[in-house]
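User: I'm new to this one, and I'd like to know what stands behind the labels. Can you show me the structure and then take my questions?

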Amino acid sequence: DQKIASLNTAQTQYQQFSSQFYLLDEAIPKTANLIEGLKIVEKIASDNGLVIKGISISAVPEEIIQSNESNAQRELLTFNVDLSGDYLKIRQFIEDLMNNRRMMLVDQVNFSLGNNRYQKDLNAIVRINLPYYLHKSE
């Protein structure tokens, strides 16, 4: 009787939250979705008044094969974003990245001062990891 009650409770909870399962795919998608991830980063930088001076990616993953539950392996896509702006805006940018629905892990931030003729700019290189599920061949 207790097993049946537990199954009924689990089924009720599953039905209650099943309409929100798509959020899991948005947080950690079944492909790297590199372009979508970069667009999110670009928008957050723009919203915070930062200038993106460059983006570097070590390897571009294949986006063709979607994984499913039986052949999925969690991977990270790592890239660096070179930004220019003031400290508070860079800090807000990082907070916004970490609070985004698409999971983004900020691994490292390196600051440097850049001089121009009229003011000192703060430059930051932010290393971002995008988790995703990779199709694993058997």
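User: Which residues is Leu97 in contact with, leaving aside its neighbours within four places in sequence?

Analyst: Leu97 is in contact with Val41, Ile44, Arg102, Met104, Val106 and Ile128. Contact here just says that heavy atoms come within 4.5 Å.

User: What should I keep in mind about the model itself?

Analyst: It's a predicted model, so local features need pLDDT of at least 70 and side-chain atom pairs count only at pLDDT 80 or more, while totals for chains, interfaces and linings use all residues. Residues are numbered from 1 along each chain as its sequence is written, and side-chain values use heavy atoms, with hydrogens and water left out.

User: How many helices and strands does the protein chain have?

Analyst: There are four helices and four strands, in the order α-α-α-β-β-α-β-β along the sequence. Both are DSSP runs numbered from the N terminus: H or I over at least four residues for a helix, E over at least two for a strand.

User: How do you know that the span of helix 4 is close to what is expected?

Analyst: The expected span is 1.5 Å times one less than the number of residues. Helix 4 covers residues 87-98, which is 12 residues, and the expected value is 16 Å. From first C-alpha to last it reaches 17 Å, so the two are close.

User: And which residues of helix 4 are buried?

Analyst: Ile90, Phe93, Ile94 and Leu97. Buried means under 20% relative accessible area, exposed over 50% and partly exposed in between, with a 1.4 Å probe and protein chains only.

User: Why do you say the buried residues line one face of helix 4?

Analyst: Looking down the axis, they fall within an arc of 95 degrees, so they sit along one face of helix 4. The arc is taken from the directions that run from the helix axis to the C-beta atoms.

User: What about helix 3, which residues are buried there?

Analyst: Leu34, Gly37, Ile40, Val41, Ile44 and Ala45. Their arc is only 130 degrees around the axis, which puts them on the same side of helix 3. On the other side, Ile35, Lys39, Lys43, Ser46 and Asp47 are exposed.

User: Which residues touch the most other members of the largest nonpolar core?

Analyst: Val41, Leu83, Phe93, Leu97, Met104 and Ile128, out of 22 residues in that core. The elements giving two or more residues to the core are helix 3, strand 2 (72-85), helix 4 and strand 4. Strand 4 gives the most, with six residues. To count as a nonpolar core, buried Ala, Val, Leu, Ile, Met, Phe, Trp, Tyr and Cys residues have to be joined through side-chain atoms within 4.5 Å.

User: Is Asn129 buried or exposed?

Analyst: Asn129 has 8% relative accessibility, so it counts as buried. Asn129 lies in strand 4 (residues 120-135).

User: What does the side chain of Asn129 make a polar contact with?

Analyst: The side chain of Thr78, at 2.4 Å. A polar contact is a pair of N or O atoms within 3.5 Å; within protein, one must be able to donate a hydrogen and the other to accept it, and residues adjacent in sequence count only if both atoms are side-chain atoms. The 2.4 Å pair falls inside that cut-off, so it gets the label.

User: How many aromatic pairs does the structure hold?

Analyst: One. The ring centres of Tyr87 and Phe111 are 5.9 Å apart and the planes stand at 45 degrees, so the pair is called tilted. Rings of Phe, Tyr and Trp (its six-membered ring) pair if their centres lie within 6.5 Å; planes under 30 degrees apart are stacked, over 60 edge-to-face, and the rest tilted. Tyr87 is in helix 4 and Phe111 in strand 3 (residues 105-115), so the pair ties together parts 24 residues apart in sequence.

User: How do you know whether Tyr87 and Phe111 are buried or exposed?

Analyst: Neither label fits: Tyr87 is at 46% relative accessibility, so it counts as partly exposed, and Phe111, at 42%, counts as partly exposed too.

User: What's unusual about phi of Asn33?

Analyst: Phi of Asn33 is near 50 degrees, a positive value in a residue other than glycine. Most residues other than glycine have a negative phi. Asn33 is found in the loop between helix 2 (22-27) and helix 3 (34-47), and its relative accessible area of 24% makes it partly exposed.
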